[in-house]
Structure formats: C-alpha cells, structure tokens
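Reader: Hey, I'm new to this one. Could you walk me through it?
Author: Sure, here it is.

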Amino acid sequence: MTVACSMVLLWAWGGLQAFELVGKENIFQNTPCPAFLMFDNAAYLADMSFELPCHCKPEEVKAVVWYYQKHLRSSHTRVLTDFDGRLLTEEAHVRAGSDMLVRFSIRMFSLLVFRAQPEDSGLYFCGTRKGDYFYAYDVDIQSSRGMVATFQDSGQVPSADSHYGTLRIFTTFWEWTPCDRCGARGEQWRIGLCYLQSPDLSPRYRQTLPRTVSCGSQAVPARLRAKARARAPELLVRSCMVPCKKKSIRKGVMAVFSYVSRVGSRPWLPTVPIQFHQQRLGHGLVISCPGARPEHAVAWDKDRQFLYRTQYLKGVNRTMRVFIDHGNHLHIRFTELADRGIYYCWRQGVRVAGFRLGVLTRGRQQFSLSDPETHAAIMLALMGHLLLTVVFVTIHICRCCCYLFHCCPSFSPRDALPEF
C-alpha cells in the first residue's frame with residue numbers, strides 16, 4: 001500500500017514537473033526561421049498604434065535590431081534600434097507629427113509603432129546588427145483622408161466591390177466597437193480598410209486569404225496600384241443602447257462615503273477629472289480624449305447635449321464649425337461665446353474626463369452665471385446666508401417663547417445693585 005501510494009505521488013509529481021517544463025519552454029526553439037524570407041501583410045488606419053512581433057530568431061541572439069525600407073531592395077535602409085541607450089518611448093508622449101525614430105520602441109523583440117502615418121508604410125525586418133534578417137512584415141498604413149462614412153440607421157450601405165477583369169477591390173471591415181455610451185442612446189462603428197484580390201500578386205508575400213492583400217501592399221504590381229488607391233477606407237456607423245454596469249455593494253458603499261465626505265468641503269466636485277482651458281474668441285481648438293485611439297469607441301457630450309456622429313462626423317457637412325474627426329478628436333474651427341461649457345469624453349462606454357472651456361473676449365473672460373465655478377460660488381454664498389438667517393430667526397423665536405411662557409428668569413436692573 002505504501003509503495004503504491006509512493007508510485008502515485010511520484011507519477012503525479014513527475015506529471016506536474018513535465019507540465020511546468022512545457023509551459024516555460026522557449027517559443028523560439030519551436031519556430032524555425034524560414035529559409036527564404038517572406039513578408040506578412042498587415043494593414044492599419046492612420047494614427048493607429050500597432051505591434052510587430054519577431055516570431056523567430058536564433059536562440060543565441062539576445063537582442064534584435066529592426067530595419068525599415070520603403071521599397072524592397074531600396075538603397076536607403078533605416079535602422080531602428082534601442083541598444084544605443086535611448087529611453088523607451090511611451091505612447092502618451094508621442095504626437096502625430098513626430099519623427100519615425102521618436103514614434104517607435106523595441107520591447108521583448110517586438111517593434112511597437114505609435115501613431116503610425118501613411119509615410120510609415122513599407123517593409124520592416126527583424127534581424128541583428130550585422131544585417132541578418134529573420135522575419136519581415138509588409139505594412140500598409142491607409143490614410144483617413146477622404147474616408148467614406150456610412151450610416152446604417154439611415155438605410156445607407158457600404159460601397160460595392162469593384163471589378164476590373166481578374167482584379168477585385170473591396171472593403172474588409174473590422175469588428176464592431178462597443179457602444180460608446182451607457183444609459184443613453186449611443187453609437188458604435190466598424191472600420192473598413194481597402195483590400196484587393198488578384199492572381200498577379202507576388203508570391204513572396206504571405207496572404208491571410210488566397211490571392212488577397214491590402215491595397216497598399218508591396219505585393220501589388222505597379223500597374224494595379226493606381227486603381228487600388230482610388231478606393232478610400234470606410235466607416236460604418238449604427239445606433240446602440242446598453243445599460244450601465246451596476247456597481248457592487250462594496251463599491252456602492254464606498255461611493256456613498258466618498259460623496260458624504262465631499263459634501264462638507266467641496267459639494268461641486270465632479271465625478272470625472274475636469275480640465276480647464278481658456279480660449280480666445282475666434283481661435284480654433286482641438287480636444288483629445290485621454291487614452292483614446294482611433295479604434296476605440298469614443299463619444300463627446302457638451303453639458304447635456306449628445307454630439308452624435310450622424311451630425312458631427314467630419315465630412316457629413318463641409319460647412320461644420322464643430323466636428324469630430326476619424327481619430328476621435330473634437331474640433332472647433334473658431335470659438336464663439338456659445339461654445340462655453342463642459343465637454344465630456346466617453347471611452348469604451350465609460351465617461352472618463354471633462355474639458356471646461358472658457359471664452360476670452362479682448363483679453364478678459366466673459367462672465368456667465370452658467371459657469372460651474374461661478375454657479376458653485378453663488379450657491380455657497382446663498383447657503384451660508386440662508387444658514388445665518390436660520391440661526392438668527394431660531395434664536396429670536398426661542399427668546400420669544402421663553403418670555404411668552406415665563407420659562408426664562410426675569411431680570412431687573414435693581415437686582416444688580418448692592419445692598420447697604
């Protein structure tokens with residue numbers, strides 16, 4: 001019996017150890033590099049951030065270097081490397097107009113590109129500093145200029161496929177985003193990028209579907225690229241309605257305590273962070289939602305007004321003064337006095353931030369009773385005045401009641417004189 005138990009324990013222990021070894025096995029040992037370098041096709045929309053993993057490399061290579069070429073066998077090759085002591089780039093610190101060397105980072109052998117631009121399209125190679133290549137990508141960054149918006153609630157349908165003999169150009173849509181608001185009517189959309197299908201593609205480029213690549217791929221012959229560029233990306237929009245997630249009992253109790261603790265000090269404290277900005281009358285302004293990317297579900301509200309894409313999306317009306325671009329930024333071409341207020345930002349169905357806009361006229365801020373801080377200050381002054389009035393009236397009522405019902409001892413000035 002003891003021997004049998006010992007054998008079972010040894011077998012179980014050995015099985016667990018084998019499982020741990022499999023879980024910790026190096027993935028590069030099971031992924032041999034191809035003898036002939038191939039290119040994986042990948043397409044993204046402008047201003048998106050993406051990651052290019054180095055799926056294979058020799059085990060003795062401890063650090064990789066990424067290379068970039070605009071075209072295959074180009075005489076100009078850019079070296080993208082982090083081993084020279086440059087700090088790793090963070091996405092929050094990157095702007096759309098930054099140089100390419102500022103908008104990338106290498107982490108765990110993968111290349112991260114932040115806010116990619118159409119000029120970043122090309123070939124990316126994973127290799128060593130000696131110039132040996134292990135893995136490669138064919139990246140196509142499609143511009144959002146001329147992007148076609150299709151509103152499903154209005155009965156509109158996406159663009160039909162285009163056929164030119166054996167060439168077929170079509171739009172491939174991503175998954176629907178989550179509803180951009182909760183507890184109220186919101187919107188969701190899906191991004192569509194240009195793809196084509198042709199038997200004349202270069203066999204050196206890997207294809208997810210047979211004979212199908214993105215329109216800006218290097219696999220497309222030069223004679224077909226002009227027809228492929230004529231098709232712009234698309235945006236399909238539809239309405240949605242989802243309830244807000246219910247908070248747990250613990251979170252609800254904590255929220256009540258937090259609210260009670262705020263009542264005595266700052267009753268006007270908002271539920272989301274509010275950033276204040278003053279803008280001169282007639283000047284333009286662009287507002288960004290914190291942490292949002294083009295593929296995220298982002299919505300904008302002005303005070304209690306919902307800014308829906310069916311009315312405020314860029315391109316719906318060329319004369320719009322206030323609009324939302326395809327990167328989820330809110331634009332005001334030139335500010336007016338009516339633009340004062342708080343602009344709220346929703347990200348992935350949750351309200352995350354607010355932006356309070358004040359308008360300056362001739363160097364001074366226009367006074368308005370609708371301003372939140374002015375309104376809070378007035379309410380605080382009125383509450384203090386009301387409290388003092390209540391205390392004053394209460395004291396006089398108590399004195400009157402005492403004298404009326406003889407509850408208070410009578411006092412005479414003669415009682416205060418000393419006796420001789």
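What follows is a chat about the cores, rings and disulfides of this structure.

Author: One thing up front: this is a predicted model.

Reader: Okay. Which residues touch the most other members in the largest nonpolar core?
Author: Phe50, Leu52, Trp66, Leu111, Tyr124 and Val139 do, in a core of 38 residues. Strand β8, residues 133-142, gives the most to this core, with five residues.

Reader: And what is Val139 in contact with, leaving aside its neighbours within four places in sequence?
Author: Ala42, Tyr44, Phe50, Leu52, Ser121, Gly122 and Tyr124. There's also a second, separate core of 19 residues, and Val65, Phe125, Ala219 and Val220 are among its members.

Reader: Switching to rings: how many aromatic pairs are there?
Author: The structure holds nine. In one of them, Phe39 and Phe125 have ring centres 5.6 Å apart and planes at 80 degrees, so that pair is edge-to-face. Phe39 is in strand β1 and Phe125 in strand β7, 86 residues apart.

Reader: Is Phe39 buried or exposed?
Author: Phe39 is buried, at 0% relative accessibility. Phe125 counts as buried as well, at 2%. Ring pairs also link these two into a cluster with Tyr67, Tyr133 and Tyr205.

Reader: What lies over the face of Phe170?
Author: Arg168, at 4.1 Å from the ring centre. Elsewhere, Arg351 lies over the face of Tyr344, at 4.2 Å from the ring centre.

Reader: Now the cysteines. How many disulfides does the count come to?
Author: Five. One of them joins Cys54 to Cys126, with the sulfurs 2.0 Å apart. The torsion about that S-S bond is about -90 degrees, so the disulfide is left-handed. Cys54 sits in the loop between β2 and β3, while Cys126 is in strand β7, 72 residues apart.

Reader: What about Cys182 and Cys244, which way does their link turn, left-handed or right-handed?
Author: Right-handed, with 85 degrees about the S-S bond. The pair ties together parts that are 62 residues apart in sequence. Cys182 is buried, with a relative accessible area of 17%, whereas Cys244 is partly exposed at 38%.

Reader: Why is there no bond from Cys398 to Cys401?
Author: The sulfur of Cys401 is the closest cysteine sulfur to that of Cys398, but at 6.5 Å it's too far for a bond. Cys400 is in no disulfide either, with the nearest cysteine sulfur, that of Cys401, 6.9 Å away.

Reader: Is Cys400 buried or exposed?
Author: Cys400 counts as exposed, at 52% relative accessibility. Cys398 is partly exposed, at 45%.

Terms used. Residues are numbered from 1 along each chain as its sequence is written. This is a predicted model: local features need pLDDT of at least 70, side-chain atom pairs count only at pLDDT 80 or more; totals for chains, interfaces and linings use all residues. Side-chain values use heavy atoms; hydrogens and water are left out. A nonpolar core is a set of buried Ala, Val, Leu, Ile, Met, Phe, Trp, Tyr and Cys residues joined through side-chain atoms within 4.5 Å. Buried means under 20% relative accessible area, exposed over 50%, partly exposed in between (1.4 Å probe, protein chains only). Helices (H or I, at least four residues) and strands (E, at least two) are DSSP runs, numbered from the N terminus. Contact means heavy atoms within 4.5 Å. Rings of Phe, Tyr and Trp (its six-membered ring) pair if their centres lie within 6.5 Å; planes under 30 degrees apart count as stacked, over 60 as edge-to-face and the rest as tilted. A charge sits over a ring if NZ of Lys or CZ of Arg is within 6 Å of the ring centre and within 35 degrees of the ring normal. A disulfide is a pair of cysteine sulfur atoms within 2.5 Å.
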